[in-house]
Every structure is written in C-alpha cells, then in structure tokens.
Number of protein chains: 2
Amino acid sequence: MISFDTFKPTEGTPIYQQILLFIKRGAVAGTIRDGDELPSRRVLSALLGINPNTVQKAFHLLEEEELIVSQAGAKSVMKITEEKIQKLREDLLRENIRSITGALRQMGISREEAFKLIDQFWEEEETEA
Amino acid sequence: MISFDTFKPTEGTPIYQQILLFIKRGAVAGTIRDGDELPSRRVLSALLGINPNTVQKAFHLLEEEELIVSQAGAKSVMKITEEKIQKLREDLLRENIRSITGALRQMGISREEAFKLIDQFWEEEETEA
DNA sequence: TTGACTGTATTATAGAACTAATACAGTTGG
DNA sequence: CCAACTGTATTAGTTCTATAATACAGTCAA
C-alpha cells in the first residue's frame, strides 16, 4: 500500500496536480513500484482532509496516463514499466530545471552563484530531515 | 518606459502573477530601475493580448507592495529602493530554490546529478539566446 | 452469501481567474 | 483650452478548482 505520510499539500497549486506529482516523483525515485496498491479514494481523502472528488480527479488522470489501473470494486494498482519511468524522469527533470534556470537568469544570477545557493539550501534541508 | 519584449506568458500560472514576477525579477536584475515608467494598463493589455482587468490586477498588487506609485490620469512609475530590491532578491531566490531542491529530492536525484543537469540546461539556454 | 468496502457518476454550490463592456474623473501634450 | 490618454470602478459571464451530498454497481473477505 502506497504511503502518503510525506505528502504535504501546498497552497497555490491545485491539490489534484500535487497528488499526480507525488505519485510520479515516487515512481521516479523508486519508492513507488509496479503492482503497488493505492489507498481507496475515500480513505485517502479522509487522510488528507480533502474531498473524495479531488482524489478521484487525480486518480482519473493517472488512469488516463496509464500509470494506474482501476476496476470497480477493487483498489487501484500502479502499472508502470521501466520505460514509462524513464520518460517520467526526463519530463519532470526538464520541466523543473527549465523553470529554475529561467527564473535565475531573469534575476541576473550567474551560474556560479546559482550553484552556491543550491548547495546551501540542499544542506539546510538535509539537516531538517 | 519598461519593455515587455521578453515577457512570454506561460500556461498553468495566473497571468497577473507572471506580470508581478516579471517586474520583480527585472528589479532584482537591475534592468528595471526606480523612476521607470510602466506602460499604461490599456497599452500593455493590447500588447500582450490579454484583458485590461488582468493587467490592472497585477499593477494594483504592485501598488499594494509599494513597488510602484499610481495616480489617476498619469502613468504608473517604479518606486524601489536598494533595500526593497535586496528583500525581493532574497524572497525570490529562497522561494525558487526551495521548490527545485524539494522536487529533485522527491525524485531521488543526488546533489551531484542536480548540478550536472543544471549545468547542461544552462548551456542549452545560452546557445538559444 | 452477505455486508462492508471498492470505483464511478451525477448534480449543486462557491470562490478564483479571466474576459468583456462600460463609465467616470484626473493628467498631459499640442 | 481640450482632446486624447491615463487610472479606477462596476457589473456580468465563463472556466477551473474544490466541496458537498448522493446513488449505483462491482469486489472481496469473513
């Protein structure tokens, strides 16, 4: 059963999109594997304190992207191949790194300074965990 | 007069927020300076192909953050001190770098690999420009 | 088998983002 | 001066996000 213990929804981004990202990033990291069961719509919505329809929207999109399979009456299950994971990895990395490099460039930050800042934040977060 | 030639609105984020970011990043980069005139609401909305009310919303927020001053009948003008710029710089950097390090960590990307990827994308974008 | 849990669907409501049309009052340049 | 441009305000309608309350049919374990 996939755990949502580390899922902390943020303001500003639709919750259903954050659920999508959580699953995709977990698949890329290897913490979510093919065949893993997802919590039911109702259970997860209660756990996160959100509406079941919001979870359903996220799961429906995962189904459309063929990352999970659902069957009326039974729990949804992850269905990911190594090929899909590699594609996810490339898509997510490109999207994320494009946005950060673009933002830093618009602020006139040099590559060297960017590395220094990232290094600093990386350590801060490591000490938090 | 502040130029919006390099402003390319993206899908997924509210346009008025993107206008806010464009101005703030320009101030941090030094390409937008104290006293600079902004295009009028109507002119900018026509230029960007969006609704005047969307521009008005962005400018109104800039006014609330005391980064511009507006006066009925006259063009809005940037009003930024070195102190405000430093604060903007810290806020924007913290926000951006936090999000990227969090995303990479959730994907199981190591700091070394992150640096390699950023280096790669940085060069790609430089060759584009 | 059967009752509790599943996925799925429908309808209604509310707020935010964005567009649209209009109006009014203040400024500024020719 | 005054016409054209400015900021500001109001009202209305659409789409998206999220909530809420149900309803129905399929599954699965006791």
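Reader: What makes Arg111(A) and Asp119(B) a salt bridge?

Author: Happy to explain, with the note that this model is predicted. The closest N and O atoms of Arg111(A) and Asp119(B) are 2.9 Å apart. The cut-off is 4 Å between a side-chain nitrogen of Lys or Arg and a carboxyl oxygen of Asp or Glu, so the pair qualifies. By that rule, the interface of chain B and chain A holds 4 salt bridges.

Reader: Which part of chain B gives the most to the side that touches chain A?

Author: That is α4(B), with 14 residues. Helices α1, α4 (82-106) and α5 (111-128) of chain B each supply at least two residues there. By class, this side of chain B has 16 nonpolar, 7 polar and 12 charged residues.

Reader: Now to the DNA. Why is the pair of Lys57(B) and DNA strand C called a polar contact?

Author: A polar side-chain atom of Lys57(B) lies 2.8 Å from a phosphate oxygen of the strand. The limit for a pair of N or O atoms is 3.5 Å, so this one counts. Arg41(A) also reaches a phosphate oxygen of DNA strand C with a polar side-chain atom, at 2.6 Å.

Reader: How do you know that Gly73(A) makes a polar contact with a base of DNA strand C?

Author: Here a polar backbone atom of Gly73(A) is 3.3 Å from a base oxygen. That is within 3.5 Å, so the pair passes too.

Reader: Which residues come nearest to DNA strand C?

Author: Of the 25 residues around the strand, they are Arg41(A), Arg42(A), Pro14(B), Ile15(B) and Asn53(B). Sugar and phosphate make up 60% of the strand's atoms that come within 4 Å of the protein.

Terms used: Residues numbered from 1 in each chain as written. Chains lettered and ligands numbered in written order. Predicted model: local features only at pLDDT ≥ 70, side-chain atom pairs only at ≥ 80, totals over all residues. Heavy atoms only, no water. Near = heavy atom within 4 Å. Polar contact = N/O pair within 3.5 Å; in protein donor to acceptor, adjacent residues only side chain to side chain. Helix = DSSP H or I, 4+ residues; strand = E, 2+ residues; numbered from the N terminus. Nonpolar A, V, L, I, M, F, W, Y, C, P; charged D, E, K, R; others polar.
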